[in-house]
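Trainee: Please take me closely through one part of this model, the contact between its chains, and then set that part beside the rest of the structure. I would like one connected account rather than a list.

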Amino acid sequence: MGVAIKTEDLTKTYRTRSGKVNVVDHLNLEVEEGEIFGFLGPNGAGKTTTIKMLLGISYPSEGTAWVLGKEIGDTDVHRRLSYLPEKPYYYEHMTGLEILRFYARLFNIKEPERTKKAEALLEKVNLAGDADKIIAQYSRGMQQRIGLAQSLLNDPVLLFLDEPTAGLDPIAHIEIRDLILKMRDEGKTVFISSHELSDVERICDRVTILNYGKVVSEGRLDTLLKGGRIEITAVNVPKGIEDNLRSDGVIASFHDGRLIIDAPDTIATDGFVDAVRSAGGTIVSIIPRRKRLEDLFIESVGGRRVLTEQTEQSEESV
Amino acid sequence: MGQIFAIAQTTLGEAIRRRVLLIILLIGLAFLIISPSLNQLTPRGQTEVLVKMTLGILKITSAILAVTLTVYLIPNEVERRTIYTILSKPVQRYQFLVGKFLGSVGALAVMIGLMTLVLLVTFSLQQRDASMDDVARIVKSAVMYVFQMSLLAGIAMLFSTIVTPIVNFFMTGMVFVFGTLMNPIFESLGASSGGGLAGLGSRVAHYALPNFTNVDITGGATQAEQAVGGSEAVYMMNGIIYAIIYTSIMLVLAVLIFDRREI
């Protein structure tokens with residue numbers, strides 16, 4: 001499988017009152033063709049700036065990147081990729097059909113193919129019935145769907161989706177998620193920047209977590225989320241037993257008269273069960289808890305103060 | 001070219017729906033409609049004064065429309081993030097800028113055309129003694145205003161790549177006022193400074209700064225004859241060529257700056 005995106009020491013520096021800040025700091029990443037890649041990080045971590053540099057909208061201060069084999073800045077490669085920005089805005093005086101025809105013109109798609117394609121995409125994102133409504137009458141979810149439709153006009157092999165499910169109701173959320181999965185089935189590469197960690201966990205193959213413009217965690221999700229925990233709850237256990245149960249990575253404590261043991265799932269539970277029973281206690285539940293992306297995210301960025309997106313936007317580029 | 005026209009068409013569509021522009025247009029139209037009736041208060045044979053006055057209203061309204069429309073053209077696209085979606089398509093920054101410019105010029109042409117039409121209808125209803133020459137002069141002036149306003153839009157476009165819309169509004173406004181009053185200013189400067197260094201400086205500034213009177217026919221045939229010693233057609237053609245060259249220079253500079261600018 002080839003490489004769809006590769007960055008080499010990609011850096012974006014802004015000049016602030018307190019000096020220079022690397023919003024993206026020597027970023028090295030590789031996204032393989034045909035995968036759904038999650039690009040995560042708190043606000044101001046440098047996600048949108050990275051996407052803008054990969055699209056040639058913003059210029060790197062240092063380093064470079066290649067998208068679909070071409071060095072960034074080559075607009076010809078834009079024929080094979082697409083972008084759905086965060087909180088997109090479309091010309092409000094145009095109808096859904098008109099907006100898609102406008103974007104199709106930017107790809108030099110001629111009539112009647114232009115209209116045919118626009119209508120087919122409106123159908124695909126469940127907006128066929130609203131094709132003649134002006135964008136000003138569209139709800140947030142409908143605008144997001146029209147955004148997704150415009151990003152599919154050129155049948156791209158690579159899609160950049162910035163917060164594709166933000167602000168959507170649960171139904172629209174599921175629809176967009178299914179659409180993204182369908183894109184992977186069609187062999188497309190999807191680069192998603194999102195705060196919706198549950199979505200990313202469900203659909204992404206690999207993730208990179210960014211903080212302060214630096215990679216703090218990266219890898220395949222199944223590898224990163226290995227090592228869950230197990231929670232054992234027992235009652236009628238005499239106090240003092242918890243000290244004997246505690247060891248490396250094992251937390252044992254009483255809550256409302258119940259003993260709760262929280263241990264890595266690599267430790268056999270038999271020893272805990274035997275210890276509780278021999279002390280006269282009763283096991284109430286044993287619940288295996290899979291490590292979640294949220295846990296990994298907090299582990300990776302937790303406790304670190306982050307810049308806000310607004311600060312990032314207002315600084316002067318170097 | 002397809003991309004440029006697509007962007008231009010969308011810009012035109014959006015511009016003619018902008019409320020603030022429609023309000024300015026309506027105020028301009030109201031002045032144009034009531035101004036011929038003011039002639040009843042003046043002595044007979046004052047059509048000349050009336051034509052000048054209505055053309056002045058047309059020009060000022062067009063200039064306000066041009067500046068208001070153009071100063072927000074690029075900043076709005078960045079603020080609303082529409083520019084990101086467009087530039088992520090196979091569209092170069094110069095295509096975006098030229099498309100936006102052509103769209104705004106198209107919108108200005110439509111608005112000036114509408115005001116001219118209203119002016120002509122009002123004129124024909126209220127000034128029955130107006131000659132065909134007067135009508136022709138209004139039409140020719142309106143054509144020249146389209147080129148004048150294109151030049152003004154080009155200047156505003158250049159400033160919009162450097163400064164904020166508010167600063168741009170005042171800067172472009174000042175350039176317009178100065179460029180309109182340039183001839184009398186430099187004539188007096190030239191007369192007072194003679195042929196020395198100051199005279200040379202004023203001549204250089206005269207040619208370097210946009211001179212809107214070069215693209216103006218409000219003074220009629222006499223003005224043309226005085227300026228080039230030739231026919232009005234030659235004078236108009238010179239003015240149009242001047243406007244196109246100057247506007248092109250403004251756009252090239254705007255593209256060069258915009259191409260390097262962080263958005």
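Mentor: Helices are here DSSP runs of H or I with at least four residues, strands are runs of E with at least two, and both are numbered from the N terminus. With that in mind, A:Pro112 can be placed in the loop between α2 and α3 (113-124) of chain A, and the peptide bond that joins A:Glu111 to A:Pro112 is cis, with omega at about 5°. The model is a predicted one, and the values that follow are to be read in that light.

The contact itself draws on 30 residues from chain B and 29 residues from chain A. Between them the two chains bury about 2,700 Å², and 58% of this lies on carbon and sulfur atoms. On the side of chain B, the residues that lose the most area to chain A are B:Lys89, B:Pro90 and B:Glu262, which together account for 23% of what that side buries.

B:Glu262 appears again when charged pairs are considered: the rule finds one salt bridge across the interface of chain B and chain A, and B:Glu262 forms a salt bridge with A:Lys12 in which the closest N and O atoms are 3.0 Å apart. Polar contacts across the same interface amount to 14 residue pairs, with both residues of a pair at pLDDT 80 or more. The elements of chain B that give two or more residues to the side touching chain A are α1 (2-15), α5 (82-87), α6 (93-126) and α12 (232-260). Of the residues on that side, the largest share, nine residues, comes from α1(B). Sorted by class, the side of chain B that touches chain A has 12 charged residues, nine polar ones and nine nonpolar ones.

Behind that surface, chain B has 12 helices and zero strands. Of its 263 residues, 50% are buried, and among contacts between residues at least 6 apart in sequence, 78% join residues at least 24 apart. Chain B exposes about 11,900 Å², of which carbon and sulfur atoms supply 71%.

Chain A can be followed further through its loops, beginning with A:Thr95, which is placed in the loop between β7 (81-84) and α2 (96-106). With a relative accessible area of 11%, A:Thr95 counts as buried because the cut-off for that class is under 20%. Once neighbours within four places in sequence are left aside, A:Thr95 is in contact with A:Ala131, A:Asp132, A:Lys133, A:Ile134 and A:Ile135.

Two further loop residues of chain A deserve a look for their backbone. A:Asn126, found in the loop between α3 and α4 (140-150), has a phi near 60°, a positive value in a residue other than glycine. A:Glu163, in the loop between β8 (158-162) and α5 (170-185), likewise has a positive phi, near 50°, and is not a glycine. Their surroundings can be set side by side: A:Asn126 is partly exposed at 48% relative accessibility, whereas A:Glu163 is buried with a relative accessible area of 4%.

Terms used
Residues numbered from 1 in each chain as written. Chains lettered and ligands numbered in written order. Predicted model: local features only at pLDDT ≥ 70, side-chain atom pairs only at ≥ 80, totals over all residues. Heavy atoms only, no water. Contact = heavy atoms within 4.5 Å. Buried area = accessible area lost by both parts, 1.4 Å probe. Salt bridge = Lys/Arg side-chain N within 4 Å of Asp/Glu carboxyl O. Polar contact = N/O pair within 3.5 Å; in protein donor to acceptor, adjacent residues only side chain to side chain. Nonpolar A, V, L, I, M, F, W, Y, C, P; charged D, E, K, R; others polar. Buried < 20%, exposed > 50% of the residue type's maximum accessible area, 1.4 Å probe, protein only. Areas by Shrake-Rupley, 256 points an atom, 1.4 Å probe, with all protein chains shown as cover.
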